[in-house]
Amino acid sequence: MQFFPAPFRAPLHSFASLVFPWEGNRVLVADIIGRGWCIPSGRVEAHETSREAVHREALEEGGAILKDVQYIGCYQIADRAQVRWADCYVARISKLVDIVMTEESQARKLVTLDELPDIYHLWNPLTKRVFEHSWDVLMRRRNP
């Protein structure tokens, strides 16, 4: 897996989208059945854009209504059979509501970057760098 920061765009339609939803200095993670704690993410449906998918996934998995959504790059996920792309976004949380997809997400919480290594599903150096990238983009938008 590799991450390509914006302005790079995937050469193919993204099969999935991920969002780093921030409230202050804490990011929202959801307890996804079968994965554990991770950011809201999921497949891009045939009728939607990757940006629309992150709004939907944030609401379904984290009960988060987003604002100030910005594309920050994409993951390239390659295996022997195929290469797939996943668009990544950063956003601010406008409002938290009830989680609507309880069959997918068991809970949510807001955590700091320092808390992520102990709880995050598949934490690794690349995941850490992309979280930090999302925070940096958010801070640059606040202080141009």
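This is a short chat about the nonpolar cores and one helix of a predicted model.

Q: What kind of model is this, and how are residues numbered?
A: The model is predicted, with local features needing pLDDT of at least 70, side-chain atom pairs counting only at pLDDT 80 or more, and totals for chains, interfaces and linings using all residues. Residues are numbered from 1 along each chain as its sequence is written, and side-chain values use heavy atoms, leaving out hydrogens and water.

Q: How many residues are in the largest nonpolar core?
A: There are 26, and Phe20 and Tyr75 have the most contacts inside it. Such a core is a set of buried (under 20% relative accessible area, 1.4 Å probe, protein chains only) Ala, Val, Leu, Ile, Met, Phe, Trp, Tyr and Cys residues joined through side-chain atoms within 4.5 Å.

Q: Which element gives the most to it?
A: Helix 3, with six residues. Helices are DSSP runs of H or I, at least four residues, numbered from the N terminus.

Q: What does Phe20 touch?
A: Its contacts (heavy atoms within 4.5 Å) include Val27, Ile72, Tyr89 and Phe131, not counting residues up to four places away in sequence.

Q: Back to helix 3. What span should its 18 residues have?
A: At 1.5 Å a residue, times one less than the number of residues, helix 3 should span 26 Å; its end C-alpha atoms are 26 Å apart, which agrees.

Q: Which of its residues are buried?
A: Among them are Leu126, Val130, Phe131 and Ser134.

Q: What is at the start of helix 3?
A: A side-chain oxygen of asparagine 124 comes within 3.0 Å of the backbone nitrogen of leucine 126.

Conventions: Buried < 20%, exposed > 50% of the residue type's maximum accessible area, 1.4 Å probe, protein only. Helix = DSSP H or I, 4+ residues; strand = E, 2+ residues; numbered from the N terminus. Polar contact = N/O pair within 3.5 Å; in protein donor to acceptor, adjacent residues only side chain to side chain.
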